[in-house]
Amino acid sequence: MSANPKPYGLLAEFDNTADVLHAAEKVRTAGFRNWDVYMPFPIHGMDKAMGLKNSKVGWFSFVGGAIGYTTGMLMIWWMNAVDYKLMIGGKPMFSPNAAFPPSYELTILFGSFGAILGMLFLNRLPRLNHPLLKHKRFGLASHDKFYVVIETADPKYSESETRKLLEAAGSKRIEMVED
Amino acid sequence: MSQQDDFSNDDPLPPPPLDLSKWRTLPGKLIGIGGLITVVGFLFSWQHDGMVNFGFSWLVAFMFFLSLGLGALFLVLAHHLFDAGWSVATRRLCEHMASLLFPWLAMLFIPIALLAPRIYSWMGPALQKNPDHALHAKFPLFTTSGFYIVAVACFAVWWLLTNRLKFWSLKQDETGSAECTQKMRLHSYWGIWLFAFTLTFGAIMWMKAVQYQWFSTMYGVQYFAGSVWLTLATIYVITMFLDRQRVLSDVLHEHQFYFLGSLLFAFTVFYAYVSFSQYFIIWNANMPEETFWYVVREKGTWFYVGLVIVFGHFFMPFLALLRIDVKSNFALMIPIAAWAWLMHFVDMTFNILPAQFKDGFPFAWVWLPLGIMAFMGGLLAQVFIKKFASASPYPKKDPRLIEAMGLYHPVATQISGGELDQADTRHGAPVQPKGGH
């Protein structure tokens, strides 16, 4: 821990889902980018309130699946028709139809790899620590409190203005979290 | 409508029947044009290859329409064996279609019987005298007399079965006696067994036998699955037109279309399951005496025909029929049914023609099976329409008819088979028939 801690962001606590939902709408309308909402359970409509778009994980799964299918087909073709040719059962050395089931399995496997690695990459995981975890009250985010955190790194951030915005949104407890 | 119903005011008036008078001559035209193509093809094939290509083309068309007869027979048998209620409304159609098996499809079989020694290489005198092992193992079935005995036996069973089922069904139209239902159930009981045997024999002796060396226990099931699939699509469209023409409207309610669509969906999956199993097991078992059948079908354009079947016979209809509302959406079901006809034709060519055309799909010859199909289709449609006009369009005194109409639900619960009726939006009001007055 450094002796001279940098500010990480403003943490605003809310007591119920309606308040935090409206606060999220306000923060989104104000045009912030580096911010997030923490809650003990999923709140319906929060994605829309925060202006979140569809997750990009699907693209990672698709690319993973495509790589898996290609790998399967090429692997079976190379092993059976190039590297170690064996005439079995009067069949051609390579048949895409017969190679389909294992290639399909690799599609699923690599597709799920793509999904989980893409999810980790997009979330910037794994990481060992996060500034919010040091905060004493933040643990209540998994109990009965709701938090909106706006990072100081946001271009629109200004200590007094942002604090005012969160107060206006109805938060009774706003604290600075340090890195 | 005597029953007061708050919701019926919103229903738009049913559209008037379509004017189909222009279409009346279509079967006749098909017979004419198809017959002409058939004669030209016959002469052409006589000159070129000793009627072999003609025989194969006729076989493709015959097996296609045999599917309709057998599929309809199965639907009738299944109806009686399950003591079904909803399918009473469409049963008369199936009875007429099944009765095409004899004498009409039997007559259409005659060219195959005559050309058999040219179509089936194993029937030649050389192989019959000195059979190879693959043929010898199939004696006495794969002998000339075996072939004709099987054919006669199959058509005899189909005649007896369709004749009895239709006889008692028509008799019930007059007497309304429960005895008729019991008789039909009795005939269905023995009938389903002989149906399974004769269909399998037919598929093996007439279709699989073009490559006699091959063997597959799944083959009859695959032909059965494709046949019922085709028949359901056909019955769906015919029922839909008869509903539109106000012929069946009194006995139909929406669920019949949903049920037919669901069965079509089920048979889409069943066909895919059976044909994939057959391929997967045979290919991976690595026995040359089996794999050759599929090796031939990977050569040339046959490979792509196989892909057309994988995607067109399974994936496309599967995905198209997946949603619940599609099954009763006529604008979508008509193209799907037409597609089923095309796919079953491709399936028949894929099963039969590689024996004769080893290099790939015979695009140069495709006009001949299509012409013969036009001829057979026109002829059978003509007969079917005549049969349909000769009797009540539905079994009018069947004890289960009121269930088909959706007017009587003794125990309409989720487990009793009345599941959808009870979930009707009319909140417990009796479901009204769609019909006019």
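Glu403(B) is partly exposed, with a relative accessible area of 25%; here buried means under 20% relative accessible area, exposed over 50% and partly exposed in between, using a 1.4 Å probe and protein chains only. Its salt-bridge partner is Arg400(B), and the closest N and O atoms of the two are 2.6 Å apart. Arg400(B) also counts as partly exposed, at 28% relative accessibility. A salt bridge is taken as a side-chain nitrogen of Lys or Arg within 4 Å of a carboxyl oxygen of Asp or Glu. Salt bridges with shared partners also join Arg91(B), Arg92(B), Glu95(B), Asp173(B) and Asp398(B) into one network.

A word on conventions is useful here. The model is a predicted one, in which local features need pLDDT of at least 70 and side-chain atom pairs count only at pLDDT 80 or more, while totals for chains, interfaces and linings use all residues. Residues are numbered from 1 along each chain as its sequence is written, chains are lettered from A and ligands numbered from 1 in the order in which they are written, and side-chain values use heavy atoms, with hydrogens and water left out.

Over all chains, the search of the whole structure gives 13 salt bridges. Side chains of opposite charge can pair when their charged atoms come close. One such pair is Asp325(B) with Arg323(B), at 2.7 Å from N to O. Asp325(B) is partly exposed at 39% relative accessible area, whereas Arg323(B), at 56%, is exposed. In chain A, Glu175(A) and Arg173(A) form a salt bridge with their closest N and O atoms 3.2 Å apart. Both ends are partly exposed: Glu175(A) at 25% relative accessibility and Arg173(A) at 36%.

Chain A also offers an open sheet of 4 strands, in the order β2-β3-β1-β4 and with antiparallel pairing. Strands are DSSP runs of E with at least two residues, helices are runs of H or I with at least four, and both are numbered from the N terminus; two strands pair if DSSP finds at least two bridges between them. The edges are held by β2 (35–38) and β4 (173–178) of chain A, each with a single partner strand, so one side of each has no neighbour in the sheet. From one strand to the next the twist averages 20°. Strand β1 (residues 7–14) of chain A pairs with β4(A) in the antiparallel sense over 6 bridges, and Ala12(A) has Ile174(A) in β4(A) as its bridge partner. At the other edge, β2(A) and β3(A) run antiparallel and are joined by 4 bridges, with Val149(A) in β3(A) as the bridge partner of Asp36(A).

In a regular strand the side chains alternate between the two faces of the sheet. Along β2(A), Trp35(A) and Val37(A) point to one face and are buried, while Asp36(A) and Tyr38(A) point to the other and are not. Helix α1 (residues 17–30) of chain A lies across β1, β2 and β3 (146–151) of chain A and runs at about 20° to β3(A). For these angles, axes are lines fitted to C-alpha atoms, for helices over the stretch in contact (heavy atoms within 4.5 Å), and the angles run from 0 to 180 degrees between N-to-C directions.

Turning to the rings, the structure holds 61 aromatic pairs over all chains. Tyr120(B) and Trp122(B) have ring centres 6.1 Å apart and planes at 40°, so they form a tilted pair. Rings of Phe, Tyr and Trp (its six-membered ring) pair if their centres lie within 6.5 Å, with planes under 30 degrees apart counted as stacked, over 60 as edge-to-face and the rest as tilted. Tyr120(B) is buried at 0% relative accessible area, and Trp122(B) is buried at 0%. The rings of Trp158(B) and Trp206(B) have centres 6.1 Å apart and planes at 80°, so this pair is edge-to-face. That pair links distant parts of the chain, 48 residues apart: Trp158(B) belongs to helix α7 (residues 144–175) and Trp206(B) to helix α8 (residues 178–207) of chain B. Trp158(B) and Trp206(B) are both buried. Ring pairs link these four residues into a cluster whose members also include Phe62(B), Phe109(B) and Phe142(B).
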